[in-house]
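The following paragraphs lead through a protein model, beginning with its metal site and proceeding to the fold, the pocket and selected local features. The sequence and the coordinates are shown first.

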Amino acid sequence: MRDCIFCKIVEKEIPATVIYEDDDVLVFMDIGPIIKGHALVISKKHYDPVTETPDEMLAKLHVTAKRIAQAQMNGFGADGVNIMQNNGTAAGQEVPHIHVHVIPRFSDDGHHWNWNAKKYNDFDEMKKLADKLREQL
Ligand code: 5GP
Ligand code: ZN
């Protein structure tokens, strides 16, 4: 797709530090790591967002992310790994081409997600949202 940074990386029009590739996916180092060693798993074909991505490709992306997570634990001695996938600018997505973040984590890396968990007003509020989701499945 024209004007897509990740398609340009697939086409080798923009350089990237590639870790792995096959017919379907490409894995390279994120240029702005949350933690050093942060990698991105992308589809070679342009898809976006997750709801428009074929199930087989999603499976491939996540199985590849699992392999990269294992490599980060073995290669860096990572104590944990965050696997993330953003959809839409409201969710913090910057590059609209499906990609899975694989971020190595260390007990002493000092990074916090500021998770900031909210509270429902009451059980009924949560139940109504659950009902809405169930209706859509
Ligand atoms: P998003 O916010 O869309 O989930 O994540 C996009 C990621 O792509 C960011 O973590 C950003 O650092 C990374 N990124 C953006 N442009 C480039 C690039 O040209 N090369 C590489 N290697 N990573 C990029
Ligand atoms: Zn693209």
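In this model, which is predicted, the zinc ion (ligand 2) is held by four residues: Cys-4 and Cys-7 each contribute SG, while His-46 and His-97 each contribute ND1. The coordination distances run from 2.0 to 2.3 Å. The angles among the four donor atoms are 105 to 116°, and the site is tetrahedral. Ideal angles at a metal are 109.5 degrees for four tetrahedral donors. The assignment follows because four donors count as tetrahedral if all angles lie between 85 and 135 degrees, and the range of 105 to 116° satisfies that condition.

Along the sequence, the donor residues of this zinc ion follow the spacing C-x2-C-x38-H-x50-H. Cys-7 and His-97 thereby link distant parts of the chain, being 90 residues apart. Cys-7 belongs to helix 1 (residues 5–10), whereas His-97 lies in the loop between strand 4 (80–84) and strand 5 (99–105). Both Cys-7 and His-97 are buried.

The overall fold provides the frame for this site. Three helices and five strands are present in the protein, and their order along the sequence is α-β-β-β-α-β-β-α. The C-alpha trace spans about 50 × 40 × 25 Å along its principal axes. Of the 137 residues in the protein, 31% are buried.

Helix 1, which carries Cys-7, also contains Ile-5. How far is Ile-5 from Val-95 in space, C-alpha to C-alpha? The separation is 7.4 Å, although the two residues are 90 residues apart in sequence. Ile-5 counts as partly exposed because its relative accessibility is 46%, a value between the limits of 20% for buried and 50% for exposed.

Another contact of helix 1 involves aromatic rings. A pair of aromatic rings is described by the distance of the centres and the angle of the planes. The count of aromatic pairs in the model comes to one. This pair is formed by Phe-6 and Phe-28, with 5.5 Å between the ring centres and 80° between the planes. The arrangement is classed as edge-to-face because the angle of 80° exceeds the cut-off of 60 degrees. Phe-6 is located in helix 1 and Phe-28 in strand 2, so that the pair links parts of the chain 22 residues apart. Phe-6 and Phe-28 are both buried.

Phe-6 appears again in the description of the largest pocket, where it is among the residues that lie nearest the centre, together with Asp-30, Ile-31, Gly-32 and Leu-40. The volume of this pocket is about 490 Å³, and 22 residues line it. The elements that give two or more residues to the lining are helix 1, strand 2 (25–29) and strand 5. Which of the elements gives the most to the lining? It is helix 1, with three residues. By class, the lining comprises 12 nonpolar, eight polar and two charged residues.

The loops hold several further local features. In the loop between strand 3 (39–43) and helix 2 (55–76) lies Pro-49. The peptide bond that joins Asp-48 to Pro-49 is cis, with omega near -10°. Glu-52 is placed in the loop between strand 3 and helix 2 as well. Glu-52 is exposed, since its relative accessible area is 55% and the term applies over 50%. The C-alpha atoms of Glu-52 and Ile-98 are 9.4 Å apart, and the two residues are separated by 46 residues in sequence.

The loop between strand 5 and helix 3 (123–136) includes Asn-114, and Asn-116 also lies between strand 5 and helix 3. Asn-114 is not a glycine, yet its phi is positive, at about 50°. Asn-116 likewise has a positive phi of about 50° without being a glycine. Are these residues buried or exposed? Asn-114 is exposed, with a relative accessible area of 69%, and Asn-116 is exposed, with a value of 55%.

Taken together, helix 1 recurs through this account: helix 1 holds the zinc donor Cys-7, helix 1 holds Phe-6 of the aromatic pair, and helix 1 gives three residues to the lining of the largest pocket.

Methods
Residues are numbered from 1 along each chain as its sequence is written. Chains are lettered from A and ligands numbered from 1 in the order in which they are written. This is a predicted model: local features need pLDDT of at least 70, side-chain atom pairs count only at pLDDT 80 or more; totals for chains, interfaces and linings use all residues. Side-chain values use heavy atoms; hydrogens and water are left out. Donors are N, O and S atoms within 2.8 Å of the metal (3.2 Å for Na, K and Ca); water is not among the atoms, so sites may look incomplete. Four donors count as tetrahedral if all angles lie between 85 and 135 degrees; four count as square planar and six as octahedral if opposite donors are over 155 degrees apart and all others between 65 and 115; anything else is irregular. Helices (H or I, at least four residues) and strands (E, at least two) are DSSP runs, numbered from the N terminus. Buried means under 20% relative accessible area, exposed over 50%, partly exposed in between (1.4 Å probe, protein chains only). On a 1 Å grid over the protein atoms alone, a cavity is a set of points where a 1.4 Å probe fits but cannot get out, and a pocket is an open set with protein on both sides within 12 Å along at least five of seven lines; lining residues have an atom within 4 Å of a point. Grid points are joined across faces, edges and corners, and a volume is the space filled by probe spheres set on the points. Ala, Val, Leu, Ile, Met, Phe, Trp, Tyr, Cys and Pro count as nonpolar, Asp, Glu, Lys and Arg as charged, and the others, Gly among them, as polar. Rings of Phe, Tyr and Trp (its six-membered ring) pair if their centres lie within 6.5 Å; planes under 30 degrees apart count as stacked, over 60 as edge-to-face and the rest as tilted.
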